[in-house]
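Reader: I should like to learn how the labels given to parts of a protein model are justified. Could you take me through the reasoning, one label at a time?

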Amino acid sequence: MSTSKYDIQKVAVLGSGTMGSQIAAHCVNAGMEVWLLDLKDEESENPNQTVIDNIAKLKKMNPSPVGLSEYVDRITPGNFTDDLDILAEVDWVCEAIIEKMDIKKDMMSKIEDVRTEGTIVSSNTSGLPIGKISEDCSNEFKAHFLGTHFFNPPRYMKLLEVIPTESTADDVIEYMSRFCERDLGKGVVKCKDTPNFIANRIGIFSMASIMPHFFNGDFRAEEIDYLLGTLTGYSKAATFRTADMSGLDVIHHVATNLYPAIPDDERREVFDLPEAFEQMVKDGKHGNKAGEGFYKKVRTDSGKEYKVIHPETGEYESQIDPDFESATEAKKKFKTSEERLKFLVNQDDKVGQFLWNIHCDLLLYAAHRIPEITESVEAIDRAMKWGFNWELGPFERWDAIGVEESVKRMQDEGLDVPKNVLDMLERGRDQFYDKDEGTVYNLATGEVEELSPPAKGAIQVSTLKANENEVFGNESAGLYDLGDGIALFEFRTKQYTLGFELVQSLKKACDVVEEQFDGLVISHDGDNFTYGANLMEAMGAWQKGEKDQVRQAAKNFQDVAVGLRYRPFPVVAAPFGRSLGGGVEFILHADKVVAHHELYAGLVEVGVGLLPAGGGTKEMVLRTMQGLIEDEQVDPMPNIKEKFKTIGMAKVSDGAPKAKQMGYLRDSGAIIMNRDLLITNAKAEAKRMADAGYYPPEKPMIKVLGNEALSSLKMMLHIMHEANFITDYDKVVAEKVAYVMSGGDLSEPQEVPEDYILRLEREAFLELLEDERTQARIEHMLKKGKPLRN
C-alpha cells in the first residue's frame, strides 16, 4: 500500500504538438483523466480547434499511440486563455510546449498563478536546463518541479529521463520515478541537470562520431547500418535508419544547441556535424517524416524499394548487399552479439579497424561523462538500451570486448583512458558488471554495488537463477521457486517456441506444483512471450514418417494447455510482446491473465494451413456462447462470425486492450503498463487466488449451432472466395475451422461436452497436416518467414 501523499489521477498536458498529444494519449492508456491544452485558435469558430485537430491526428497514426482508437475521445481539449483554471484541479501538470526558454518560463508563471499547492509540475524538454525553467518561481513551486523527458513515440519507447533540480523535494523525485515506472510503464533513469541529459548526450555523440566514416566515403550508409546493427548489439534500425526515424533536423538541432553548452567537453568538436549533413538538413532531407533522409522509399515496377543517399552527389541509388568476410565469419561462428563484437574489433581488416575506432570513441566518451551526467554505469547503459533500443549499452560493450586488453590497446595508441577506469583495473576488477554475482562497479565512488532491478520490485528470471531458485530445468524450460508458495515456469527455446520437450516440461512442472506449491505463473524474461508451436520440429518428424509421434504430440499439447484450467491450483499467465498460436492457447486456459499493455496476441495457425488445435478453437466458441447464454433473445451468429473471422484471418491484437476486444483476454484479465513488473504482479495474483481457497471449475457443456452455423459460415467463405479475397486453399482451411466452431455436422443446435470439440479440433488439425498444401505453407514460413497464399 502506497504511503505517498501524492496520487496522480488527473493530468493536464500543456502543448498539443507531436509529443504533447502522444503523452496525453499514453496517460489515457494508463487510465487517467486527461486535459490537453494549447494556444487559443483565434482564426476558427472553436477556440480549441488546434487541440481538436491534433487529437484527430492521433487516430490516424500508425502505430497507434492508444490501446483502442476510441481512447482518443477521452482527452478533453482546452486552451491556455480560457482553460488554465483546470490546473487547480489536476494532480500533475506536464508542460510540453515549444523548446524556448523564455516561453517556458512565462508558462511556469501562469501555471503558478492557478495551480494548487502540492501539485507536481514537470517539463518535457530534451535539453533545456530544468533548474533555469523554474528559477523565477516560488520555493514551494520549485520543490514540486522537475524534468520528465519522454522519448518519441511515448507509448512504445521505454525510456523516461527524470531530471530533478537542486530544489526538487526528495519525496517528489521518488514518487514521480515510481509513478512513471508503475503507472506509465516507463524505464526510469534519473539524470543530472546537464545538457541533453544522458541518452541524447551519448546517443547524438555516437551518431556524430560515425557520420565522418560515411561522408568521407569509407563505407556506404547501408554497410554502416549492417555493421552497427544487431550484428554488434545495436538496434535493428542501426545508425542511419534511427537518424531518419528521429528526424535529421532534430539531430541537427540537438547537436547545434549542445555545442555551445559544453565548453569543457573533451570531444566537443564531434558535435560540429559534417557540412554534407548540414546540407541535407537545409535541403529538407529530414528523414522519414519528409520521405527522404539517408534513405528514401521509392516505388518501382516490382513494388517499393528503399534507396540510399550517395555522400558526394546527394542523389539516391539502389542499395547493395553488404559483404565483409570477417562479418560473415562472425555471424557463422558466434551466437551472441557480445561474442561477435569481441571477435570483430580484433580483426586486422577495414571492418575491425572501423569498429575498434567507433568503440574507442563511444566507450571513452561514456566513461569521461561520469560523474558529470550521472554517477551510474547502469544509468548510461539503460538510457541507451531503453532510449535508442541498443541491445548492449556502452559499458556492456566494454565488458564484451574485454576491459583490460582494450585499455592496454587504447594506451598503446595514445588514447586518454579516464582515471576512474584505470583505478578499477588497479583494484583487481576487470569488468564493470559481474552478472553471476549480480554486481556493478561504480566509477564515481570506486565501490562495487548490487545491480538494481529495472523497476522497483521487479522479479527477473536472471536473479532467480543467480540465487539458485531453480527447481528443475532443461534446454527447453525451467521451473523456479518465486517464494510465498508460488512457482514460475519459464520458456527457454529459441524464439520461445513450444516444442515437444517444452510441453512435456510444462506437464512435469504442473505435477511438481501440485505436490510442492500453491500456484503457478507462466512467463519469462525474453522480448516476446512465444512464436507458437515449433513447426520445424513437427514438420521434421512428420516428413521422417514419425506420424504417430506428431499425432501424440498434438494430443499432449491439447491435454497440457486445456489441462491448465483443471489443475487444483491457480495458473496465472503473464504474456507480453508477440504471443502467437499455441501461446494464446496457454493464455486462454489460464485461470487469470496479467498481460503487458504491449501484447501482440493472435491465433495465427491458418497462415500455415492449420487451425488452433490446443483448445483455441474450442475456447473461442465457448467464450462467445457463454457471453450470450444469459440473453436468449440475442442471435449468436454475428458473434460466431466475428470470432470465426478472428481465427480465419489470423488477426493479431496491437496491444492488450485489443486482445480483450478480440476475446483472447477475458474482461477480468489485468493489464500492466510496465513489462518489468509483469512477473511480480502475476505472482501476487496467484498468491491472492491461492489464499482465497482455489478450486478448479467443472468441465463445461458448450452450446454449438451445428448446420445452422456451418452453412452460414460456408456461404460467407463462398462470397469471399468469389471476390478473390481468399485463395482456394484459404477456403479449404477456413472450412475446417467453420466445421469445428459449428460443432460438426449436427442437424440442430445443442450442447456438447468440451472433449467433443477438442476431438474435432485434433482430427481437423491432422487432416490438414496430411495435405501437401499445408506442408508447402509450413516450409515457406520456415524459409521465408512469411505466409504462402496457395
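Author: The questions below concern salt bridges, burial, surface charge and strands in this predicted model.

Reader: Why is the contact between lysine 296 and glutamate 292 called a salt bridge?

Author: A salt bridge requires a side-chain nitrogen of Lys or Arg within 4 Å of a carboxyl oxygen of Asp or Glu. The closest N and O atoms of lysine 296 and glutamate 292 are 3.4 Å apart, so the pair meets the rule. By this rule the model has 63 salt bridges.

Reader: What makes lysine 296 partly exposed and glutamate 292 buried?

Author: Buried means under 20% relative accessible area, exposed means over 50%, and partly exposed lies in between. Glutamate 292 has 18%, and therefore counts as buried. Lysine 296 has 27%, so the term partly exposed applies.

Reader: How do you know that lysine 333 and glutamate 329 form a salt bridge, and where do the two residues lie?

Author: Their closest N and O atoms are 2.9 Å apart, and the limit is 4 Å, so this pair also qualifies. Both residues belong to helix H12, which covers residues 325–333. They are four residues apart, about one turn of the helix. Lysine 333 is exposed because its relative accessible area of 52% is over 50%. Glutamate 329, at 30%, falls between the two cut-offs and is therefore partly exposed.

Reader: What makes the salt bridge between arginine 789 and aspartate 730 a tie between separate parts of the chain?

Author: The side chains meet at 2.6 Å, N to O. Arginine 789 lies in the segment after helix H31 (772–784), whereas aspartate 730 lies in helix H29 (residues 728–741), so the pair ties together parts that are 59 residues apart in sequence. Arginine 789 has a relative accessible area of 51% and is therefore exposed. Aspartate 730, at 15%, is under the 20% limit and so counts as buried.

Reader: Why are Arg565, Lys618, Glu619, Arg623, Arg666 and Glu754 called one network?

Author: These residues are joined by salt bridges that share partners.

Reader: What makes the group of Glu338, Glu339, Glu391 and Asp527 a patch of negative charge?

Author: Asp and Glu count as negative, so every name in this group fits the charge required. Members of a patch must also have over 30% relative accessible area and no salt bridge. Glutamate 391 has 41%, so it passes the area cut-off, and it counts as partly exposed. Glutamate 391 is found in the loop between helix H15 (377–388) and helix H16 (394–401).

Reader: Why is strand E6 described as mostly covered?

Author: Six of the six residues in strand E6 (residues 145–150) are buried. Phe145, Gly147 and His149 point one way, while Leu146, Thr148 and Phe150 point the other way. In a regular strand the side chains alternate between the two faces of the sheet.

Reader: How do you know that E6 pairs with strands E5 and E7?

Author: Pairing needs at least two bridges between two strands. Three bridges join E6 to strand E5 (residues 120–123), and five join E6 to strand E7 (residues 159–164), so both pairs meet the requirement. E5 and E6 run parallel, whereas E6 and E7 run antiparallel. Valine 121 stands opposite phenylalanine 145, and histidine 149 has glutamate 161 as its bridge partner in E7.

Methods: Residues numbered from 1 in each chain as written. Predicted model: local features only at pLDDT ≥ 70, side-chain atom pairs only at ≥ 80, totals over all residues. Heavy atoms only, no water. Buried < 20%, exposed > 50% of the residue type's maximum accessible area, 1.4 Å probe, protein only. Patch = residues over 30% accessible without salt bridge, like charges linked within 9 Å, V, L, I, M, F, W, Y side chains within 5 Å. Areas by Shrake-Rupley, 256 points an atom, 1.4 Å probe, with all protein chains shown as cover. Charge placed at Lys NZ, Arg CZ, Asp CG, Glu CD.
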